[in-house]
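Reader: I should like to learn how to read the features of a protein model. May we work through one together?

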Amino acid sequence: MTIANPRTLDSLDGRIILALDKDPEASALALSRTLGVARNTVHARLARLERSGALRSFSRRLDPAALGYELVAFLSLSISQTQPGSVQRGLVAIPEVIEVHATTGDADLMAKVVARSTADLYRITNEILEVEGIERTSTAISILELMPHRYDGLIKRLSMEESAATG
């Protein structure tokens, strides 16, 4: 099967990722035995997934609370449309800004921010407002994570779709 987009996953990729979810320390050999696939195939797939960016950095699995950042907030940012580069560079320089998305609607950007306390969030928000090109912010504090970040349902569906199509 030729993959046009190097980030497109197939059912074997999905099975490998689900196996890694169950055992993150599994070697290529252990995965090959679990999945009934040649070790070289598993190794090549893992290398391709990493090179393509489909598998992201290990640190994305870390819970910020383990670092002392128990407060999560979402900031809607209004920016000057003439300075998007300086805004991006400014936000990247603030470690507590852990995710940023360009959005439609009233906000230009949506930023996920972690803080140690509300006072710390106040400091971080002021630091964000000092970034050249940011005109205004609006903050919503998360009081409880009802559903954590997840992909397992999508991966399971992918793993089953190709199996059903061939079976």
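Author: The turns below take up helices, cores, salt bridges and the surface. Please keep in mind that this is a predicted model.

Reader: Let us begin with a helix. Which residues of helix α2 are buried?

Author: A residue counts as buried when its relative accessible area is under 20%, and as exposed when that area is over 50%. In helix α2, which spans residues 28–35, the buried residues are Ala28, Leu31, Ser32 and Leu35. Viewed down the axis of α2, these buried residues fall within an arc of 100 degrees, so they line one face of the helix. Arg33 and Thr34, on the other side of α2, are exposed.

Reader: What covers the buried residues of α2?

Author: The cover includes α1 (11–22) and α3 (39–52). One may also look at the backbone just after α2, where glycine 36 takes a positive phi of about 70 degrees.

Reader: May I apply this reading to another helix? Which residues of α4 are buried, and which are exposed?

Author: The buried residues of α4 are Ser86, Val87, Gly90 and Leu91. Around the axis they cover an arc of only 130 degrees, which puts them on the same side of α4. The face turned away from this buried side carries Gln88, Arg89 and Val92, which are exposed. Among the elements that cover the buried residues of α4 are β1, β2, β3, α5 and β4.

Reader: I turn now to the interior. How many residues has the largest nonpolar core?

Author: A nonpolar core is a set of buried nonpolar residues joined through side-chain atoms within 4.5 Å. The largest one here has 18 residues, and those with the most contacts inside it are Leu75, Leu77, Leu91, Val97, Val113, Ile128 and Ile134. Two or more residues come from each of β1 (71–79), α4 (84–92), β3 (109–115) and α5 (118–129). The element that gives the most to this core is β1, with 5 residues. There is also a second, separate core of 11 residues, which includes Ile16, Val37, Val42 and Leu46.

Reader: Which residues does isoleucine 128 touch?

Author: Residues up to four places away in sequence are not counted in this reading. Isoleucine 128 then touches Leu75, Leu77, Leu91, Ile94, Val97, Val113, Ile134 and Thr137.

Reader: How many salt bridges does the structure hold?

Author: It holds 6 salt bridges. For each one, it is useful to ask where the partners lie along the chain. Aspartate 13 forms a salt bridge with arginine 45, and their closest N and O atoms are 2.9 Å apart. This pair links distant parts of the chain, since aspartate 13 is in helix α1 and arginine 45 is in helix α3, 32 residues apart.

Reader: With which other arginine do the side chains of aspartate 13 meet in a salt bridge?

Author: The side chains of aspartate 13 and arginine 48 meet at 2.8 Å, N to O. Aspartate 13 lies in helix α1 and arginine 48 in helix α3, so the pair ties together parts that are 35 residues apart in sequence. Both aspartate 13 and arginine 48 are buried, and the relative accessible area of aspartate 13 is 0%. A network of salt bridges links Asp10, Asp13, Arg45 and Arg48.

Reader: How far apart in helix α5 are glutamate 127 and arginine 123?

Author: They are 4 residues apart in helix α5, and are therefore separated by about one helical turn. Their side chains meet in a salt bridge of 3.1 Å, N to O. Glutamate 127 is partly exposed, with a relative accessible area of 28%, and arginine 123 is partly exposed at 37%.

Reader: Finally, the surface. Which residues make the nonpolar surface patch of about 640 Å²?

Author: The patch is made by Ile141, Ile143, Leu144, Leu146 and Met147. Leucine 146 has its place in the loop between β4 (134–141) and α6 (152–166). Leucine 146 counts as exposed, because its relative accessibility is 77%.

Reader: And is histidine 101 in a strand or in a helix?

Author: Histidine 101 lies in strand β2, residues 97–102. With a relative accessible area of 41%, histidine 101 is partly exposed. Leaving aside neighbours within four places in sequence, histidine 101 is in contact with Asp108, Leu109 and Met110.

Conventions: Residues numbered from 1 in each chain as written. Predicted model: local features only at pLDDT ≥ 70, side-chain atom pairs only at ≥ 80, totals over all residues. Heavy atoms only, no water. Buried < 20%, exposed > 50% of the residue type's maximum accessible area, 1.4 Å probe, protein only. Arc of directions from axis to C-beta. Contact = heavy atoms within 4.5 Å. Patch = residues over 30% accessible without salt bridge, like charges linked within 9 Å, V, L, I, M, F, W, Y side chains within 5 Å. Areas by Shrake-Rupley, 256 points an atom, 1.4 Å probe, with all protein chains shown as cover. Salt bridge = Lys/Arg side-chain N within 4 Å of Asp/Glu carboxyl O.
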